[in-house]
Amino acid sequence: LSAFRRGRTRMRDIVFLVADLSMQEALRGFLTRDDFHRNFNLGVRPFDFDPPQDLFYAAGLNDPGMYTDGHNILAPFQRTHRHAIVIQDAEWDGSPGAAAICAELTAKIEATGWSIDRFRVICIEPELENWIWQRNNRVAEPLGFASVDEMIAAVRTAGLEWPDGHPKPRRPKEALEAVVRRRGIGLSSSVHRSITKRVSLNGCQCPALLGLRDALRQWFPSGDPA
């Protein structure tokens, strides 16, 4: 801290604080891609991102702990990072819902000294896996399927709904858990990263992902039309 006060440590662009390891690895897969700032039509310029310095998960807390104590975890980063993104799921036992989570955690973070224009709380409905699933071979292949049709059939065989014409299973987290268990992959954070390193987010209309995009556009504008 003393070195920082003397101006010897440069403020980093942005820190990402997420609720669990799977979320950390999914974000790592996306943000370490060479084309991450062009994917999803982000409309942002490249910014400094180094996972060991800029990406953390609330070890042992998961979503409920992030909701109650995330503000304390994030507080020290206001001395080292210009901006912050906090991400957690909306669905867990006792959850008050996405809107309440965002409002309360935002208020708590602001009370620790973070300026409201420097951070954003993102709450994914229902869970992170809503960002993972697509009718796309870039999802099917890391899960060990030869085709999208085979992947969809496996979800349905597990007793979970994936309606015709719907881009994702009804219960994304349960669907991923069922598929990796049946395929013998082992539910691992590496599954999330292997998909997000490949899949396109263009066309995704998940409100949480749009919120992430909008925050990055605000802080790191490309100067080009979105």
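This note goes through the sheet, the helices packed on it, the largest cavity and the largest pocket of a predicted model.

1. The sheet is open and is built from four strands, which follow one another in the order β2-β1-β3-β4 with parallel pairing. Its edges are formed by β2 (55-57) and β4 (119-124), each of which pairs on one side only. From one strand to the next, the twist averages 20°.

2. Within this sheet, strand β1 (residues 12-18) and strand β3 (residues 81-89) run parallel and are joined by six bridges. One residue pair can be named here, since the reader may wish to find the register in the model: F16 has I85 of β3 as its bridge partner.

3. Two helices can be described by how they sit against the strands. Helix α4 (residues 62-74) packs on the sheet, where it touches β1 and β3, and its direction makes about 170° with that of β3. Helix α2, in turn, lies across β1, β2, β3 and β4, and runs at about 165° to β2.

4. Turning to enclosed space, the count is one cavity of 30 Å³ or more, and the volume of the largest cavity is about 90 Å³. The residues that line the largest cavity are A26, L27, F30, W131, T196, L201, L209 and L212. By class, seven of the lining residues are nonpolar and one is polar, while none is charged.

5. Which elements supply at least two residues each to the lining of the largest cavity? They are α2 (21-31) and α11 (207-219), and it is α2 that gives the most, with three residues. Helix α2 therefore appears in two parts of this description, as a helix lying across the four strands β1, β2, β3 and β4 and as a contributor to the cavity lining, under the DSSP-run definition of a helix.

6. The largest pocket holds about 210 Å³ of space. It is lined by 14 residues, of which D20, S22, D89, E129 and K173 are the closest to its centre. Two or more residues of this lining come from each of α2, α4 and α9 (172-183).

7. What is the make-up by class of the lining of the largest pocket? It has four nonpolar, three polar and seven charged residues, whereas the lining of the largest cavity has seven nonpolar, one polar and no charged residues. A colleague looking at the two linings side by side will find α2 named in both, for the cavity and for the pocket.

How values were computed: Residues are numbered from 1 along each chain as its sequence is written. This is a predicted model: local features need pLDDT of at least 70, side-chain atom pairs count only at pLDDT 80 or more; totals for chains, interfaces and linings use all residues. Side-chain values use heavy atoms; hydrogens and water are left out. On a 1 Å grid over the protein atoms alone, a cavity is a set of points where a 1.4 Å probe fits but cannot get out, and a pocket is an open set with protein on both sides within 12 Å along at least five of seven lines; lining residues have an atom within 4 Å of a point. Grid points are joined across faces, edges and corners, and a volume is the space filled by probe spheres set on the points. Ala, Val, Leu, Ile, Met, Phe, Trp, Tyr, Cys and Pro count as nonpolar, Asp, Glu, Lys and Arg as charged, and the others, Gly among them, as polar. Two strands pair if DSSP finds at least two bridges between them. Axes are lines fitted to C-alpha atoms, for helices over the stretch in contact, and angles run from 0 to 180 degrees between N-to-C directions. Contact means heavy atoms within 4.5 Å.
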